[in-house]
Amino acid sequence: MDLKSGYPFWAVKNGLLTAFPQLTHDHQTATVVIGGGITGALIADELSRHGHHVVVLERRDVGWGSSAASTALLQYEIDTHMVHLAEQYGEANAVMTYRRCADAIHSLERLAAELGNVAFSRQESLYFASHEGDVAALKSEFAMRKRYGFEVTWLDRRAIETGYGFSAPGAILSSLAASVDPYRMAYHLLENVVRRGGGVFDRTQVERLKPNDEGVEVVLRNGATLRCEQVIIAAGYESQSWLPESVAANRSSYAFVTDPLPRDVLGKLGHTLVWESARPYLYLRSTQDGRLLIGGEDDEEDIPDRRDKRVMEKAQTLAAKVEALWPSLKINPTFCWGGTFAETDDGLPYFGPHEALGPRVHFAMAYGGNGITYSMIGAQLLRALIEQRPHPLSGLFSFQR
């Protein structure tokens, strides 16, 4: 799959940070991670720092799939409201999911501090009602989060206009959110895996998996074979090709960054993630060098040639939406791109084995609007499964939920 179009900002900004070798010979390890994006990197780091020998295989250059196109808004707020999640899976599971997502942001913050130079920044999150008719639902969501101790504030129209310079009928302001450079973070994590004695190989494509009672044989397209005890498929939106049926819908999202803007022009947008209740939703945040990163205009297109042709038109539509909210901002799309993402019906990810490939092959499908947060949870969950320990979300995030 061609997972992105245009010029994703992270790849343009950072370039190719490290050249990892191609694997061309037979090899043996404890765990093979298929996928060298931010999800695979977080999983490989979690395993290797706890004594597991890991080999990561990436068929492109590391980070050059969906991670390069990620807008990297780190939120505990998932695309499914806590209220709606409670209706599907019970209040305890809904609250636990949101709390674990909040914990994941703190885990990512600690990890970023250890790595350094990954543009991690704590933010607030402003989730605003796109229309008057959305206010009641947002107020119900606010009430539930407040009841369970989440640090949220309700803002009315006047407070939004005064504090953020645009008009909306209401909003939830959350104190806990963050942003990061996912491309750079993936590289630094994988460099650490190598320093701990693991292996990272790009331009290395898996042809097939052969699970057995003792482990898994990973056969590469070039004929080499890896023997391992466990495999984790963290190939993003391509992971579904390993399953007999679809578990999520592939879609496309579009984004661009502006030229750097003065801090007094950005105002609170310099430290606030902004997104809306409409679906698909407009979202934006600032970068470390003062640009606005703006995204949305999601559609059901996942054919690369058609997505390619829509990038500039989508960027112009997004710019017009932002200028309608903030007429004083003159938005100039500098780098524009589109990328494939996937949505599950309930907004939750999948982590763990599927009956199609048996108990030694695990999936890491961090699908949804906050994939990096899910990936941090998934790294811890998958380590628990491999070490045969319980994890409170292993059932809810499994294929059997």
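**View 1. The annotated span, end to end.** In this predicted model, the C-alpha atoms at the two ends of residues 32–383 sit 13 Å apart. Helix makes up 34% of the span and strand 29%. The unreviewed UniProt entry annotates these residues, 32–383, as "domain: FAD dependent oxidoreductase".

**View 2. The largest nonpolar core.** Here we look at a core of 83 residues. Ile43, Tyr76, Met185 and Phe397 are the members that touch the most others in the core. The top contributor is helix 4 (residues 91–115), which supplies 11 residues. A separate core lies apart from this one and has 30 residues, including Leu57, Phe201, Leu226 and Ile233. As background, nonpolar side chains in soluble globular proteins tend to be buried together.

**View 3. Around tyrosine 76.** Let's zoom in on the neighbours of tyrosine 76. Leaving aside residues up to four places away in sequence, tyrosine 76 touches Tyr98, Cys101, Ala102 and Ile105, along with Arg145, Phe150, Val152, Ser174, Leu176 and Asn370.

**View 4. Leucine 111 and its contacts.** Leucine 111 belongs to helix 4. Is leucine 111 buried or exposed? Its relative accessibility is 7%, so leucine 111 counts as buried, the cut-off being under 20%. With residues up to four places away in sequence set aside, leucine 111 touches Leu42, Asp45, Arg49, Met185, Leu189 and Met376. Take leucine 42 from that list: leucine 42 and leucine 111 are 69 residues apart along the chain, and 9.6 Å separates their C-alpha atoms. Another contact of leucine 111 is Met185, one of the residues that touch the most other members of the largest nonpolar core.

Conventions
Residues numbered from 1 in each chain as written. Predicted model: local features only at pLDDT ≥ 70, side-chain atom pairs only at ≥ 80, totals over all residues. Heavy atoms only, no water. UniProt positions renumbered as here; feature names shortened; annotations may be inferred. Helix = DSSP H or I, 4+ residues; strand = E, 2+ residues; numbered from the N terminus. Core = buried A, V, L, I, M, F, W, Y, C linked by side-chain atoms within 4.5 Å. Buried < 20%, exposed > 50% of the residue type's maximum accessible area, 1.4 Å probe, protein only. Contact = heavy atoms within 4.5 Å.
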